[in-house]
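Biologist: Please take a single part of this model and look at it closely. I would like to follow how one helix packs and what lies around it.

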Amino acid sequence: MCSLPNESFSIELQQLDADDVSGRKQRTEWLLNSPAQPSFCNELINSVTETVLPQKNSKQYGGGAVFSFLQGLFPILSWGRNYKANMFKHDLLAGLTLASLCIPQSIGYANLANLAPQYGLYTSVVPPLIYAVMGSSRELAIGPVAVVSLLLSAMITEIVDPAVDPIAYTSLVFTVTFFAGTFQTAFGLLRLGFLVDFLSHAAIVGFMGGAAIVIGLQQLKGLIGINHFTTKTDVMSVFKAVFTSFHNETLSPLNFVLGCSFLIFILATRFLGKRNKKLFWLPAIAPLLSVILSTLMVYLTKADQHGVKIVKHFKGGLNPSSVHQLQFNGPHLGEVAKIGLICALVALTEAIAVGRSFASMKGYHLDGNKEMVAMGFMNIVGSLSSCYTATGSFSRTAVNFSAGCETVVSNIVMAITVFISLELLTKLLYYTPLAILASVILSALPGLIDINEAYHIWKVDKMDFLVCIGAFFGVLFVSVEIGLLVAVSISFARIILDTIRASTEVQGRLPGTTDTFCDITQYPGATRTSGILIIRINSGSLCFANATSIRERMLKLVTEANGSEENTKENVHFLVLDMSNVMSLDTSGIAVLEELHRELVSRTIQLAIGNPRLRVINKMKTAKCFEKLGKGWIFLTIGDAIDACLSLKIADPSSINC
C-alpha cells in the first residue's frame, strides 16, 4: 500500500529508539491527563481577588488578610508608609500649579456640558480625593475633561433640553455619572479591561481629533456671544446656527476681541513653556491669570452693559448632596444607562492611556483593573455629591508631571485648593466673561489633534486608518456616539474578517535542528518529511466562524501536496495538525475536526494532533473527541507526532490508517 522508505527516510529513522517511543507515550499521557480548568464561579472569585488584593505578601506588614484586602483596595496604605517630607514639597508645588490650571478649565468644561459653573469645580474636589486613596497612578490628574463633557452635552440634550428644564437635565447628568461609575467598578472587579481595548488606538486618534474640532466649534457660542445656539454637535448644524445668529441677533464684537486676545496670550505662554522647560509654570497659570485679568477688566469697565456675556450667578461652598436627584425609575432609564456605559468606556480609555504613558516614563506598572475600580468608585461617590463624570486629563497630567509631582498627594493639594476657591472666591467670578472660558477650552484642544499619528497609522496599516477616519468623520458630520459606533463597528468587522480568514501554513523542519518546525513560505530552506504533511492553524480560536473554511483549506493543501511534482514518489499518508496557536475550541470546531478525520480516513491518511492547549484538551475530553480521533494520535510536540508517524510507517506500512 505504501512505498518503502527511501535513503533519506532511513537516516531520519536512525534517530528513533525504544526510549523515544516510551518517552513519547509518557508525554502523551501527561497531555491527556492535564488538570481540569477551574469552574466559572472559581474564575470569577479569583478575578475579584486578584483585583482587590495586592501581589505582595501582607505578612511583612503584620496585618494579615484584612490588611492585605485594605492594601489592595487602598494603595495609599502601601506607598504612604514611605512618604517623606521632601516629597511633599514637590507635591505641594505640583498641586498648586495643577489647581491654577484646573479652576478655569473646570468652569469651562461645566459650561461645555451645559451645567452651572460650580459643578465643574465640585468635580475637581471629591473625585480627586477618592482617587488619591484608591488609585495607583502617581501622575494622573483627575477632574472633568472636554471629551466626556461633550458626550454628556451631546447625548443628554436629546432627552432633556437644559435650557427648558435645567433641574431635570442636571439630575440626568448625575444619574449617568452613577451608571458610569457602576460600569467602571464592574469592569475592574470582573477583569473586563479588554472591553476598553475595543476602542483601538486608531479609533481614539480619530475620535479625539473629531471631538476636538466639534468642541472648538461649540465654543463659538461663548467666543462670539451668541444667545441661541444649537444643541447638536455636527459641523453643519453648528455652522447653520452661527450663520443664523449673524442675521437674527445683535452681537457685540467685544466678546470676540476679548476672547481672541486672551487665547493668543495663553498660546504664547505655552510656546514659551515648550521653549524653556524651567517656565513650565507659565502656561499652567496662564488660564487662571486670564480669568482674573478679564474679570477685573469687565468689572472696572462695566463691559457687561455693552454686550459682553458674563457668568453671573455662581454658587459656591461645599459640595451639596445629590442623592435625591438620582433618577432610577424614570422613562429614560435605559437611555441613561446606555449613555453611562459610553461615558464609562471613553473615560476609562483616556485615563488608562494617559496613566500608562506617564507610568512608563517613571518605570512602574499600572494595573488597569485596579484603576477601573478606583475610577468607578470615585464616580459613584461623585454622583452622590453633585459631581459629573470625572477621569484623567492629559493636559493637566502633563502639567502635573512637569511640575515634578511625586505621588497622588498633588491631587489632594489641588482638591483642597479648589475647595478653598469654592468657599472664598466664587463671588469674585460673577463678572468672568464667557469668551474667556471659551478661549481656555480652545487653548487645550490642539493637544487632542494628532495629525502626525494619523499619518503614521496610514503608512503602517490602511485598515486601521479606515477606523481612524471613520471615527473622525462620524463625530464631525453626524454625532459623537455615531462616531464611536462607526469606529467600533469597523474594528469588530476587522476582527470578524481576521477570524473567518484564519490562515493555515505548511511547515517543515529547519536544517540542522531536530524539533524546530516553521513555515516553508517564510523559510524556503525548511525541509518536508516524506509522506507527512504538517499544517499549523494560525488562529486563536477554532470556532463556528472559521472552522469550515479551515477544514476546506487543509483538505486543499492535502490535495495539492499529493498532486505536486515534488511528491510524485510518495503521497501524503499522515497529516500532522499543529494546534499550538489555538487557544479555544467550540462545538463547531470539534465537529469539524471529526469531519476532517473521517475525510482523511477515506483518503487513507492518518490525522495526528500536536501541542493542543489546556482549554482545547478539556473541551475535547468533555466531547469524547479523543475516542473518535484516537488517543494514540494526540502528542505533546510536533516532533513527537513526526516520530510516531515515522515509527508506524517503517514498522507496518499497511496499517497507517488503522
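Modeller: A definition comes first: two helices count as roughly parallel when the angle between their axes is under 35 degrees. The model here is a predicted one. The part to look at is helix α24, which covers residues 547-563, together with its partner, helix α25, residues 587-602. Their axes come within 9 Å and cross at roughly 20°. With that angle, α24 and α25 are therefore roughly parallel to each other. The crossing of α24 with α25 is right-handed.

Next come the residues that make this contact. On the α24 side they are A547, T548, R551, M554, L555 and V558. They meet S588, G589, V592, E595, L596, E599 and L600 of α25. Sorted by class, the contact has seven nonpolar, three polar and three charged residues.

One residue in this contact deserves its own look, namely V558 of α24. Is V558 buried or exposed? Its relative accessibility is 0%, so V558 counts as buried. Leaving out residues up to four places away in sequence, V558 touches L533, L575, L600, R603 and I605. One of these, L600, belongs to the α25 side of the helix contact. A further distance can be given along the chain: F574 is 16 residues from V558, and the C-alpha atoms of the two are separated by 9.7 Å.

The contact of V558 with L533 leads on to the strands, since strand β5 spans residues 532-538. This strand belongs to an open sheet of six strands, in the order β4-β3-β5-β7-β9-β10, with mixed pairing. The edge strands are β4 and β10 (634-635), each of which pairs on one side only. In general, the strands of a sheet pair through backbone hydrogen bonds, in either the parallel or the antiparallel sense.

In the sheet order, β3 stands between β4 and β5. β3 and β5 pair in the antiparallel sense over five bridges. Across this pairing, T504 is opposite I537, and V506 is opposite I535. β3 and strand β4 (residues 517-519) also run antiparallel and are joined by three bridges. There the bridge partner of G508 is C518 in β4. Why is strand β3 described as largely enclosed by the rest of the structure? The reason is that six of the seven residues of β3 (residues 503-509) are buried.

Two other helix pairs can be set beside α24 and α25. Helix α6 (residues 85-112) and helix α19 (residues 409-424) have axes that come within 7 Å and cross at roughly 45°. That angle makes α6 oblique to α19. Their crossing is right-handed. Among the residues of α6 in the contact are F88, L92, L96 and I103, and α19 contributes residues including V409, V413 and V418. By class, the contact of α6 with α19 holds 12 nonpolar, four polar and one charged residues.

Helix α21 (residues 451-460) and helix α22 (residues 462-477) pack at an angle of about 145°, with axes 6 Å apart. α21 passes α22 in a left-handed crossing. A454, I457, W458, K459 and V460 of α21 make this contact with K462, D464, F465 and C468 of α22. It has six nonpolar, no polar and three charged residues.

Methods
Residues are numbered from 1 along each chain as its sequence is written. This is a predicted model: local features need pLDDT of at least 70, side-chain atom pairs count only at pLDDT 80 or more; totals for chains, interfaces and linings use all residues. Side-chain values use heavy atoms; hydrogens and water are left out. Buried means under 20% relative accessible area, exposed over 50%, partly exposed in between (1.4 Å probe, protein chains only). Helices (H or I, at least four residues) and strands (E, at least two) are DSSP runs, numbered from the N terminus. Two strands pair if DSSP finds at least two bridges between them. Contact means heavy atoms within 4.5 Å. Axes are lines fitted to C-alpha atoms, for helices over the stretch in contact, and angles run from 0 to 180 degrees between N-to-C directions. Angles under 35 degrees count as roughly parallel, over 145 as roughly antiparallel, 65 to 115 as roughly perpendicular and the rest as oblique. A crossing is left-handed if the near helix is turned anticlockwise from the far one by less than a right angle, and right-handed if clockwise. Ala, Val, Leu, Ile, Met, Phe, Trp, Tyr, Cys and Pro count as nonpolar, Asp, Glu, Lys and Arg as charged, and the others, Gly among them, as polar.
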